[in-house]
Amino acid sequence: MEIALNKEKHGVVIPEENYFEKAFEGCPFCGSSSIKYIGNIHSSPDINIYTDFLTIIGTTHSDRPLPDIKIYTCNNCFIGFFNPQPTEKSLKEFYANDDKGENTRKKIDPRRFANHILKYLGNLSPRETFRILDFGGGDGAVSQCLGQSLLSSGIAMKIDISVVDYNTVPDRNENSISQCSYKTLDQIPLSDEFDIVIASAILEHLKNPRQTISLLLQKMKKQGIFYARTPYSFPFYKGFKRLGKTFGMPYPAHLFDMGSYFWSDLLKTMNLTADYRMKECHTSLVHAEFRERPLLNILSHFVKLPSYLVGKYYPFSGGWEVVIEQI
Ligand SMILES: [Zn+2]
């Protein structure tokens with residue numbers, strides 16, 4: 001397939017040798033050498049976002065041979081990953097110049113999503129201040145909605161929100177809710193601890209999800225809650241491949257696939273079973289809202305239905321969510 005390119009348009013300065021990392025020889029999450037190859041991304045519609053990436057980094061097929069992007073799963077920790085992965089620098093270039101990567105972030109109505117997370121908080125005891133860390137939280141809309149619910153139910157007198165997102169928004173302080181934005185996690189004061197940490201549809205975009213999960217878990221207060229939601233799409237890729245069809249893979253916006261087996265074993269994989277407990281681990285909420293897209297909503301529920309019955313053993317759930325509690 002020929003790719004139309006325009007280096008000048010994007011004014012790219014990245015040296016060619018820095019486009020991609022050296023390919024992983026083992027699992028980038030747990031280090032196991034037992035990894036399973038399941039296919040390549042190479043054809044339409046897989047190539048769509050990858051094409052944008054190639055355009056932005058300013059390369060062509062004729063410049064130099066481009067690596068085949070292979071798809072693997074780990075037999076030890078069950079993470080799915082693309083290999084090789086872009087360098088941090090070329091990935092930043094991709095996000096700075098292209099909105100398709102950002103558009104692959106699943107956006108759910110913030111009020112609906114906040115109510116969904118609220119269910120997992122259990123019976124909270126009233127407290128003066130409730131602190132929320134919203135990692136990859138954009139403008140903080142979900143945390144704002146969550147905060148409003150906690151205030152109106154009398155659980156908290158004050159809400160303190162820290163949003164970490166590459167695109168920061170101005171800090172705000174109104175109606176007992178204060179919100180600060182940070183570009184990176186390490187900018188948050190070390191002593192800050194949170195009642196709830198949210199990482200929704202963000203971990204799959206990061207080059208170092210293990211380190212990030214570890215840092216996020218450390219940010220929780222005792223009995224604090226960590227909520228994460230990730231895509232679980234590699235089983236669809238495998239299923240489509242068996243049928244001789246292609247399934248679009250949003251590389252390099254997604255670098256990892258984190259599904260039921262990965263999350264079920266996460267605390268064991270990271271040696272965290274003494275300090276944390278997996279409170280919820282199941283298929284993620286249906287993305288499409290019934291009132292806006294009723295057919296898609298019904299279809300999504302239908303496809304996910306077996307997952308509600310057999311849990312992690314059903315591979316076609318599309319997304320997974322977990323709630324982890326610090327003990
Ligand atoms: Zn692994």
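These are legends for a few close-up views of a predicted model.

**View 1. The whole protein, for orientation.** Start here before zooming in: the protein has 10 helices and 12 strands. Of its 327 residues, 38% are buried. Now take the contacts between residues at least 6 apart in sequence: 77% of them join residues at least 24 apart.

**View 2. An open sheet of 4 strands.** Go across this sheet and you meet the strands in the order 1-2-3-10, with antiparallel pairing. Strand 1 (35-41) and strand 10 (256-257) sit at the edges with a single partner strand each, so one side of each has no neighbour in the sheet.

**View 3. Strand 1 meets strand 2.** Strand 2 covers residues 69-74, and 6 bridges pair it with strand 1 in the antiparallel sense. To find your place, look for Ile41, which stands opposite Ile69 of strand 2.

**View 4. Helix 8 packed on the sheet.** Helix 8 (residues 234-242) touches strand 1, strand 2, strand 3 (80-83) and strand 10. Its direction makes about 65° with that of strand 1.

**View 5. Helix 5 crossing helix 6.** Two packed helices are described by the angle between their axes and the distance between the axes. Here, helix 5 (residues 110-118) and helix 6 (residues 141-152) have axes that come within 8 Å and cross at roughly 60°. That angle makes helix 5 oblique to helix 6, and the crossing is right-handed.

**View 6. Who touches whom between helix 5 and helix 6.** On the helix 5 side, look for Pro110, Arg111, Phe113, Ala114, Ile117 and Leu118. Helix 6 brings Ala141, Val142, Cys145, Leu146 and Ser149. Sorted by type, the residues of this contact are 9 nonpolar, 1 polar and 1 charged.

Key: Residues are numbered from 1 along each chain as its sequence is written. This is a predicted model: local features need pLDDT of at least 70, side-chain atom pairs count only at pLDDT 80 or more; totals for chains, interfaces and linings use all residues. Two strands pair if DSSP finds at least two bridges between them. Helices (H or I, at least four residues) and strands (E, at least two) are DSSP runs, numbered from the N terminus. Two residues are in contact if their C-beta atoms, placed from the backbone, lie within 7 Å. Axes are lines fitted to C-alpha atoms, for helices over the stretch in contact, and angles run from 0 to 180 degrees between N-to-C directions. A residue is buried if 20 or more other C-beta atoms lie within 10 Å of its own, exposed if 12 or fewer, and partly exposed in between; C-beta atoms are placed from the backbone. Angles under 35 degrees count as roughly parallel, over 145 as roughly antiparallel, 65 to 115 as roughly perpendicular and the rest as oblique. A crossing is left-handed if the near helix is turned anticlockwise from the far one by less than a right angle, and right-handed if clockwise. Ala, Val, Leu, Ile, Met, Phe, Trp, Tyr, Cys and Pro count as nonpolar, Asp, Glu, Lys and Arg as charged, and the others, Gly among them, as polar.
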